[in-house]
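Reader: I am new to this structure. Please pick one small part and look at it closely, then show me what surrounds it. Keep it brisk.

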Amino acid sequence: MTIKAVVWGENVHEQTNKVVADIYPDGMHGAIAAALNADKGITATTATLQEPEHGLTGERLADTDVLLWWGHAAHGDVSDEVVERVAEAVWSGMGLILLHSAHFAKPFKRLMGTPCNLTWREAGERERLWVTTRGHPIAKGLPDHFELENEEMYGEPFGVPEPLETVFVSWFQGGEVFRSGLTYRRGLGNIFYFRPGHETYPTYHDANVQTVLKNAVHWAHNEQRLTGDVNAAPNVPVDAALEPIEERGPRLHQDGEEGYR
Ligand code: ZN
């Protein structure tokens, strides 16, 4: 059994910007999926914003082990219904990997609950990523540090909650630093944010970046997956208590009544 990964791509600049189209003729999502499929333990397919329900129906998400998300220019075009569906899939155990400008993607902001803002500069400067947690599964096979010759700068402060783990920090030629590989857990879902990947540079063709993405898919995969309603909040009747109890005092709710939301 291989891990079923879906690479979600906004697929806007690949269609509207010649620089991006030349670097990623099959789309960024296509390049990322191809890199993942080089790993015999992963089966990666793609989904895009333009497909019905953005390619992310409930059925598709139920059959997805790890979802990767790249978005930038059209975060606002992602339907709130799909965002909620993605959040619920994560709570039930689907892995989620957010790439680069997906720091502002609706599902990431929904799951973090914070502004997820940062400073930035588009100047093609050198980025040096340092592994901060040696031996972490996401950093497996990587040198202690590696460089991307041209990248967009993202700088601290990064408006996210304190992560479970910081796997990478980045240094930029202009002097800024950034926590560029962060892990979270929401419900049963493993979440990884990975910074590099500005669309006008060939970042997803870089061998070290591809190693990170493959490692991250393996790390994020949780074989435990809840089925049923992750939002369920059942009212347990007195006669179903594990130990016999007698009802006492006044109460607000009738037997079997739904609680307030
Ligand atoms: Zn960017």
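Author: Start with H136, in a model that is predicted. H136 is found in the loop between β5 (119-131) and β6 (145-155). Is H136 buried or exposed? Neither word fits fully. H136 is partly exposed, because 18 other C-beta atoms lie within 10 Å, while a buried residue needs 20 or more.

What does H136 touch, leaving aside its neighbours within four places in sequence? The contacts are E165 and V167. G76 makes a useful landmark. G76 and H136 are 60 residues apart along the chain, and their C-alpha atoms are separated by 34 Å.

Now follow the two strands that flank the loop. β5 and β6 pair in the antiparallel sense, over eight bridges. One pairing to look for is W120, with Y154 in β6 as its bridge partner. Strands of a sheet pair through backbone hydrogen bonds, either parallel or antiparallel.

Step back to the sheet. Nine strands form an open sheet with mixed pairing. Read across, the order is β2-β1-β3-β4-β9-β8-β7-β5-β6. Which strands stand at the edges? They are β2 and β6. Each has a single partner strand, so one side of each is left without a neighbour in the sheet. From one strand to the next, the twist averages 25°.

Next come two helices that meet this sheet. α3 lies across β1, β2 and β3. The helix runs at about 170° to β2. α7 packs on the sheet too, touching β1, β2, β3, β4 (95-99), β6 and β9 (189-194). The direction of α7 makes about 165° with that of β9.

Take α3 by itself. Helix α3 spans residues 27-37 and is mostly covered. Eight of its 11 residues are buried. Those residues are G27, M28, H29, A31, I32, A33, A35 and L36. Their cover includes β1 (3-9), α1 (13-16), β2 (42-48), β3 (66-70) and α7 (207-220).

Then α7. Helix α7 has 14 residues and reaches 20 Å from its first C-alpha to its last. That is close to the 20 Å expected at 1.5 Å a residue. Its buried residues are V209, V212, L213, K214, N215, A216, V217, W219 and A220. Over them, the cover includes β1, α3, β2, β3, β4 and β9.

How do the two helices meet? α3 and α7 pack at an angle of about 70°, with their axes 9 Å apart. That makes α3 roughly perpendicular to α7. The crossing of α3 past α7 is right-handed. I32, A35 and L36 come from the α3 side. Q210, L213, K214 and V217 meet them from α7. An α-helix has 3.6 residues a turn, so residues three or four places apart point the same way.

Last, the whole protein. Its secondary structure comes to seven helices and nine strands. The C-alpha atoms fill a box of roughly 70 × 35 × 35 Å, taken along the principal axes. Of the 261 residues, 39% count as buried. Consider contacts between residues at least 6 apart in sequence. Among these, 70% join residues at least 24 apart.

Definitions and conventions. Residues numbered from 1 in each chain as written. Predicted model: local features only at pLDDT ≥ 70, side-chain atom pairs only at ≥ 80, totals over all residues. Helix = DSSP H or I, 4+ residues; strand = E, 2+ residues; numbered from the N terminus. Buried ≥ 20, exposed ≤ 12 C-beta atoms within 10 Å, placed from the backbone. Contact = placed C-beta atoms within 7 Å. Pairing = 2+ DSSP bridges. Axes fitted to C-alpha atoms, helices over the stretch in contact; angles between N-to-C directions. Expected span 1.5 Å × (residues − 1). Parallel < 35°, antiparallel > 145°, perpendicular 65-115°, else oblique. Left-handed = near helix turned anticlockwise from the far one by under 90°.
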